[in-house]
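This report describes selected features of a predicted model. It takes up nonpolar cores, a pocket and strand pairing in turn.

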Amino acid sequence: MDIKQLEYFMACAEAGSVSEAAKILYSTQPSVSKVIKGLEDSLGLQLFERLPRGIRLTAAGKKFYRHASKILGEIRALEGMAEHGMTKWIRISLNPSSWFANQFVDFYNENYDKNYHFQIYTAGVRTVMERMRDYLDDVGFVYILEQQKEDFLYELSRNRLEFVPMHATALMLYPGGGSGLFHSMRSFAKPEDLKGLRFIQNYQDEFLNFKTAEEKPSFSWSSLDISVVTNSDYIMEKMLKKANVSNISGKYLSEREMGDTPGIPLDTEANKVIFGYIRHKGEDIAEEIEELIHFLADRLQ
């Protein structure tokens with residue numbers, strides 16, 4: 001087994017097609033097929049199931065994918081060290097958050113002389129978890145509903161990951177500028193107030209990804225009319241200011257309550273959002289990651 005075989009395998013797995021992988025690798029389809037066949041023969045495993053259109057990983061292929069992701073990630077880190085000396089890379093994935101963006105700018109400025117290098121990827125909860133599972137990132141910051149915590153922890157444990165809570169805050173409704181609730185000066189909003197509203201959320205799986213065993217008759221996330229899904233804070237702020245859409249998120253994740261879109265606490269049985277980070281269970285965290293976590297913890301006080 002060599003690095004070329006791993007790279008070709010990863011390209012095929014992510015493209016879902018040998019021909020598409022060949023384009024990415026600047027190679028030919030027969031060459032890519034030959035490399036994959038050699039890898040499967042050396043392992044004694046069938047990694048891909050051939051379909052009428054494309055390919056997909058077998059059960060063995062999915063397991064191999066996780067290990068290959070970790071190996072290639074470590075190789076790229078070593079190559080980065082060779083190219084930049086002792087440059088320290090911090091790989092972060094997180095749910096989109098204007099609050100985090102502001103804290104990151106401050107952290108970067110305060111640690112400028114340390115010459116840290118950052119790779120930051122925004123995604124939904126499940127994607128952050130999968131990237132951590134595959135060792136694509138060093139730490140993943142997410143926020144989940146309190147009532148979903150048990151299911152979320154179970155998902156993590158299956159992948160040798162753990163969640164460290166950092167802060168809990170109120171669940172907030174941010175009514176859009178075109179909404180009747182915008183100038184209502186309400187002290188709280190009830191589930192029935194959400195009927196008829198359209199929503200803009202950062203990701204489709206935000207708060208919805210982990211189903212709870214018990215459905216609350218008074219409130220169901222799946223009943224929300226999510227008409228816009230975006231990972232852009234700029235789009236989010238513009239839509240909330242000028243359009244008839246609303247947003248539900250944790251209070252501390254945005255500074256909207258200080259700006260043009262005041263938040264209204266949402267009065268539900270699941271009215272807490274927990275912010276924290278995902279780490280690899282039983283493995284040490286790098287010093288620079290600890291620095292970032294302590295920095296955020298201080299800001300959350």
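## Contacts of Phe9 and the nonpolar cores

In this predicted model, Phe9 touches Ile36, Leu39, Leu47, Phe48, Leu57, Gly61, Phe64, Tyr65 and Ala68, when residues up to four places away in sequence are not counted. Apart from the core to which Phe9 belongs lies another core, which is made up of 20 residues and includes Trp99, Tyr277, Ile293 and Leu296.

The largest nonpolar core has 22 residues, and the members that touch the most others are Phe9, Cys12, Val32, Ile36, Phe48 and Phe64. Two or more residues of this core come from each of helix H1 (3-15), helix H2 (18-24), helix H3 (29-43), strand E2 (55-57) and helix H4 (59-84). The largest share, 6 residues, is given by H1. As a general matter, nonpolar side chains in soluble globular proteins tend to be buried together.

## The second largest pocket

The second largest pocket has a volume of about 290 Å³. Its lining is formed by 13 residues, of which Arg66, His67, Arg133, Tyr135 and Arg160 are the closest to the centre of the pocket. Two elements, H4 and helix H6 (125-133), give two or more residues to this lining.

With 4 residues, H4 gives the most to the lining of the second largest pocket, and H4 is also among the elements that give two or more residues to the largest nonpolar core. Sorted by class, the lining of this pocket holds 7 charged, 3 polar and 3 nonpolar residues.

## Strand pairing around E6

Strand E6, which spans residues 161-174, pairs in the antiparallel sense with strand E11, residues 272-280, over 9 bridges. Within this pairing, Val164 has Tyr277 in E11 as its bridge partner, and Tyr277 is also one of the residues of the 20-residue core that lies apart from the largest one.

E6 pairs in the antiparallel sense with two further strands: with strand E9 (residues 247-250) over 4 bridges, and with strand E10 (residues 264-265) over 2 bridges. Tyr174 stands opposite Asn247 in E9, while the bridge partner of Leu173 in E10 is Ile264. In general, the side chains of a regular strand alternate between the two faces of the sheet.

Technical notes. Residues numbered from 1 in each chain as written. Predicted model: local features only at pLDDT ≥ 70, side-chain atom pairs only at ≥ 80, totals over all residues. Heavy atoms only, no water. Core = buried A, V, L, I, M, F, W, Y, C linked by side-chain atoms within 4.5 Å. Buried < 20%, exposed > 50% of the residue type's maximum accessible area, 1.4 Å probe, protein only. Contact = heavy atoms within 4.5 Å. 1 Å grid on protein atoms, 1.4 Å probe; cavity = no way out; pocket = protein on both sides within 12 Å on 5 of 7 lines; lining within 4 Å. Points joined across faces, edges and corners; volume = space filled by probe spheres on them. Nonpolar A, V, L, I, M, F, W, Y, C, P; charged D, E, K, R; others polar. Pairing = 2+ DSSP bridges.
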